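Trainee: Hey, can we go through this one together? I'd like to know how to read it.
Mentor: Sure, pull it up and ask away.

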Amino acid sequence: SIAWMCEQGRSADAVNMVHALARLFRISISRGHELIPIARELEHAESYLQIQKYRYKNQFTYEFITEPECLHYCCNKITLQPILENAIHHGLELMVDEGHITVEVRRDGEDILFRVTDNGVGMSREQVEAILSRSPGEQAGIGIRNVDERLKIYFGSRYGLRIESEPDVGTCVEIRMPQIREGEYEAK
């Protein structure tokens with residue numbers, strides 16, 4: 001996509017995409033840390049969405065709704081990107097109308113709750129269950145399962161993902177994790 005923009009003389013777009021790609025890589029590495037501030041995770045998610053928006057020629061819009069006090073808590077890095085990837089690739093890609101993704105971050109008691117909602121094609125209950133099942137060799141939904149398993153390993157079985165979806169309406173993925181301040185958590 002970047003090469004194509006350069007060939008078309010769209011240097012400003014190419015520069016923006018290169019900057020988004022650089023931010024994406026920088027945050028992905030995070031100097032080896034698994035937990036990063038939520039503000040950095042949201043920056044990573046926005047860089048990913050900017051790149052995809054170029055790639056999909058503006059077929060979708062997105063918005064972030066965040067409680068500012070959540071930004072200084074920590075989360076597992078690369079938590080949102082696999083959820084966003086699925087929303088775009090499986091939820092929005094085949095739509096005729098413009099897609100929309102909303103990323104929300106808020107406190108819920110002693111936890112942090114992320115919600116990624118799309119107005120895509122949705123899924124049946126069976127499809128949702130298949131994504132979260134841990135069948136050996138099953139490739140579908142591997143990124144989402146990976147996020148769910150990482151959260152459970154780090155924080156315990158009450159944390160992880162919950163998916164609600166309805167065909168032709170859209171999907172909402174909730175990600176629950178504890179409120180953790182930087183330097184406060186040691187892996188079990």
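Mentor: One term before we start: two residues are in contact, or touch, when they have heavy atoms within 4.5 Å. Also keep in mind that this is a predicted model.

Trainee: OK, so what does Ile101 touch, leaving out residues up to four places away in sequence?
Mentor: Quite a list: Leu49, Phe60, Thr61, Tyr62, Glu63, Leu84, Ala87, Ile88, Leu92, Val116, Thr117 and Asp118.

Trainee: And which residues touch the most other members in the largest nonpolar core?
Mentor: Ile101 is one of them, along with Leu80, Leu84, Phe114, Leu161 and Ile175. That core has 41 residues. Its largest share comes from helix H4 (residues 80–92), which gives six residues. Another core, of five residues, lies apart from it, and Met5, Ala14, Met17 and Ile51 are among its members.

Trainee: Zooming out, how many helices and strands are there?
Mentor: The protein chain has six helices and seven strands. Along the sequence they follow the pattern α-α-β-α-β-β-α-β-β-α-α-β-β.

Trainee: What share of the chain is buried?
Mentor: Of its 188 residues, 44% are buried.

Trainee: Switching topic: where is the confidence lowest, and where is it highest?
Mentor: Helix H2 (residues 11–29) is lowest, with a mean of 73, while strand S5 (residues 111–118) is highest, at 98. The chain's mean pLDDT is 86, and 88% of its residues reach 70 or more.

Trainee: Now the helices. At what angle do H5 and H6 pack?
Mentor: Helix H5 (residues 125–132) and helix H6 (residues 142–155) pack at about 60°, and their axes are 8 Å apart. That angle makes H5 oblique to H6.

Trainee: Why oblique and not roughly perpendicular?
Mentor: Because roughly perpendicular covers 65 to 115 degrees, and roughly parallel is under 35. The angle here is about 60°, so H5 counts as oblique to H6.

Trainee: Which residues make that contact?
Mentor: Ala130, Ile131 and Leu132 from H5, plus Ile144, Arg145 and Asp148 from H6. By class, that's four nonpolar, no polar and two charged residues.

Trainee: Last thing: what's up with phi at Ile78?
Mentor: Phi of Ile78 is near 55°, a positive value in a residue other than glycine. Ile78 sits in the loop between strand S3 (74–76) and H4. Asp168 also has a positive phi, near 65°, and it is in the loop between strand S6 (160–166) and strand S7 (170–178).

Trainee: Is Asp168 buried or exposed?
Mentor: Asp168 is exposed, because its relative accessible area is 72%. Ile78 has 25% relative accessibility, so Ile78 counts as partly exposed.

Note on methods. Residues numbered from 1 in each chain as written. Predicted model: local features only at pLDDT ≥ 70, side-chain atom pairs only at ≥ 80, totals over all residues. Heavy atoms only, no water. Axes fitted to C-alpha atoms, helices over the stretch in contact; angles between N-to-C directions. Helix = DSSP H or I, 4+ residues; strand = E, 2+ residues; numbered from the N terminus. Parallel < 35°, antiparallel > 145°, perpendicular 65-115°, else oblique. Nonpolar A, V, L, I, M, F, W, Y, C, P; charged D, E, K, R; others polar. pLDDT = per-residue confidence, 0-100. Core = buried A, V, L, I, M, F, W, Y, C linked by side-chain atoms within 4.5 Å. Buried < 20%, exposed > 50% of the residue type's maximum accessible area, 1.4 Å probe, protein only.
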